[in-house]
Amino acid sequence: MLCDDCKNKPAAIFFKEVLPDKTIELHLCEDCASKRGLLVTKKLTPLEILQKLLKQTSAQDEKVICPRCYMSLAEFKRVGRFGCSECVTTFDENIRHLIKQIHQNDRHIGRKSTKGTKKGFEVYKLREELKKALEREAYEDAAKIRDKLRDYGVEDA
Amino acid sequence: MASKMLDNIRWLIPNTGDTLPCGEEMEIIVSSRIRVARNVDSIPFEIKMKQADAESLIALVKAIIGGKVDGTFLDLTKMKPLEKESLLECHLVSPGFIKKEKPSGVFINRGGNVSIMVNEEDHLRFQGIGCGLNLVNLSSEVFGIEEYVGDNVGYAFDEDYGYLTSCPTNMGTGMRASVFMHLPGLVFTNEVEKVLKGALQIGMTVRGIYGEGSEIRGSLFQISNQHTLGFKEEDLLERICKLAKMIIDIERKARDVILTKARNEFEDKIFRSLAILKAARTISSGEVLNLLSALRFGVGVDIVKDITLETLNEIMIVSRPANIQLFFGEFLEEQERDIKRAEYIRKRIGAE
């Protein structure tokens, strides 16, 4: 099949767009597709998009601060990394457009964290404390730690 | 030491133990890989993490994984540079990971095909790797372990943004899946660029062997998903598989073209490559990669019959600079390395 536009070179790209009143179908060669702007030849990578968007700063950025890890929006824009799991909530209105441009999407539809507990780490720390308490034979402390562990549903400590 | 290193590439040489069964289309797809990034909700992310956080995360993961999965935990701070480099050459860790200075470590399962990097850019990076086109099997293995760990630590998760990661480019599924392809046909027929542009159109990216920024050598290409947010994991995997199969079709056609139009020329190239590998007394890793490319093509189209793809896979990894030293169990200067590499290859393809 020849290209619909130049009728000269073989068509390499099939383009289809469904509009309310009609459907456009085009068979184009690479050159003509690129002339129509239908061919993305150099696309910025997600990381490049991020770096570009982070350069847009404002004086207010210093004042938006994550309550948990104390990262400011300004710092986030400098390093391009979140400081903790609370940062996205804190910066949400400032970064949603950014995330949308990086991923061409802003809503997760994949797997979900079924047991999104924050318990794991706490339980671990308590078990460590318990071990230490028993080592120094501080049985009263140990009993208190066991109670806390029981609150987390740990019965075997 | 040699056997320890070989353990780390068992995923590439199936039927040598309890590894995953081999994937499909092995003559074109060298390997498949899935990497999943996760962070523990209760610990600050890398950039705000303290030394003590890093240490307790390692202890936590060791305790959780130890009871569940059979394998070894390697403490990166206690490893020699050569051993770290070897893990990278065996594709079990990322380039950025072995440069980390804070406490970090990697858990590797007994089959050598699943690794968990602790304190990479994200707290946890789960990785599964296998030969051939194998994404579906790999994903169930990786997510099985990921879920078990998650139940015990609680991942950073947001209803809108999914799994939260250090870098916004990884959030959502946190998953990057890739297939590593050998495309000498497309390189010869000059169609590579066209295919790669096509991949870009549908949100896939193409890189060299070791990921971002690495050069493309030996007609080897890696295709992976660019975006991690807004897709279901299984849909992403299916899209990559579909793209891989499409490229496989074009590559097969290109190989047919080569064999009808330039059979003599290519047979010559293949057997000359084989002859050099069988006879060389000193050889660089770059030259090996190019010769292996010709030989892999020869094996794939059944021109070379007495060498298996598994053997070629093994040579490709073992002959890399750090691995060849660990294989012989000694520190070797570049020149000595080239001599030992030639010796290893001669033995491996049965010339001696």
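**Helix packing, domains and the chain interface**

Helices α8(B) and α9(B) are oblique to each other. The model is predicted. Helix α8(B) spans residues 263-279 and helix α9(B) spans residues 285-300. Their axes come within 8 Å and cross at roughly 125°. This angle is oblique because it lies above the 65 to 115 degrees counted as roughly perpendicular and is not over 145, the bound for roughly antiparallel. The crossing of α8(B) past α9(B) is left-handed. On the α8(B) side, the contact is built from B:Lys269, B:Ile270, B:Ser273, B:Leu274, B:Ile276 and B:Leu277. On the α9(B) side, B:Leu291, B:Ala294, B:Leu295, B:Phe297 and B:Gly298 take part. This contact counts 8 nonpolar, 2 polar and 1 charged residues.

Helix α9(B) also packs on helix α10(B), residues 309-318. Here the angle is about 170° and the axes are 10 Å apart. The pair is therefore roughly antiparallel. This crossing, too, is left-handed. Helix α9(B) contributes B:Leu292, B:Leu295, B:Arg296 and B:Val299 to the contact. Helix α10(B) contributes B:Leu309, B:Leu312, B:Ile315 and B:Met316. By class, the residues are 7 nonpolar and 1 charged, with no polar residue. B:Leu295 thus appears in the contact with α8(B) and again in the contact with α10(B).

The domain assignment divides chain B into domain 1 (4-256) and domain 2 (262-351). The C-alpha centres of the two domains of chain B are 26 Å apart. Between them, 20 residues of domain 1 are in contact with 21 residues of domain 2. Helix α3(B), residues 81-89, gives the most to the domain 1 side, with 4 residues. That side of domain 1 has 11 nonpolar, 4 polar and 5 charged residues.

Helix α3(B) packs against helix α11(B), residues 321-328. The range of α3(B) falls in domain 1 and that of α11(B) in domain 2. The two axes lie 8 Å apart, at an angle of about 115°. Helix α3(B) passes α11(B) in a left-handed crossing. B:Leu82, B:Glu85, B:Ser86 and B:Glu89 form the α3(B) side of the contact. They face B:Ala322, B:Asn323, B:Gln325 and B:Leu326 of α11(B). The contact holds 3 nonpolar, 3 polar and 2 charged residues.

The interface between the chains was examined next. In total, 42 residues of chain B are in contact with 39 residues of chain A. Three elements of chain B each give two or more residues to this side: α4 (135-153), β6 (157-158) and α6 (192-201). Helix α4(B) gives the most, with 4 residues. By class, the side of chain B that touches chain A comprises 17 nonpolar, 16 polar and 9 charged residues.

One annotated stretch of chain A was also considered. An unreviewed UniProt entry carries the annotation "domain: UVR" for residues 125-150 of chain A. In the model, this span is 88% helix and 0% strand. The C-alpha atoms at its two ends lie 14 Å apart.

Key: Residues are numbered from 1 along each chain as its sequence is written. Chains are lettered from A and ligands numbered from 1 in the order in which they are written. This is a predicted model: local features need pLDDT of at least 70, side-chain atom pairs count only at pLDDT 80 or more; totals for chains, interfaces and linings use all residues. UniProt positions are given in the numbering used here, feature names are shortened, and annotations may be inferred rather than shown by experiment. Axes are lines fitted to C-alpha atoms, for helices over the stretch in contact, and angles run from 0 to 180 degrees between N-to-C directions. Angles under 35 degrees count as roughly parallel, over 145 as roughly antiparallel, 65 to 115 as roughly perpendicular and the rest as oblique. A crossing is left-handed if the near helix is turned anticlockwise from the far one by less than a right angle, and right-handed if clockwise. Two residues are in contact if their C-beta atoms, placed from the backbone, lie within 7 Å. Ala, Val, Leu, Ile, Met, Phe, Trp, Tyr, Cys and Pro count as nonpolar, Asp, Glu, Lys and Arg as charged, and the others, Gly among them, as polar. Domain bounds come from an automatic or database domain assignment.
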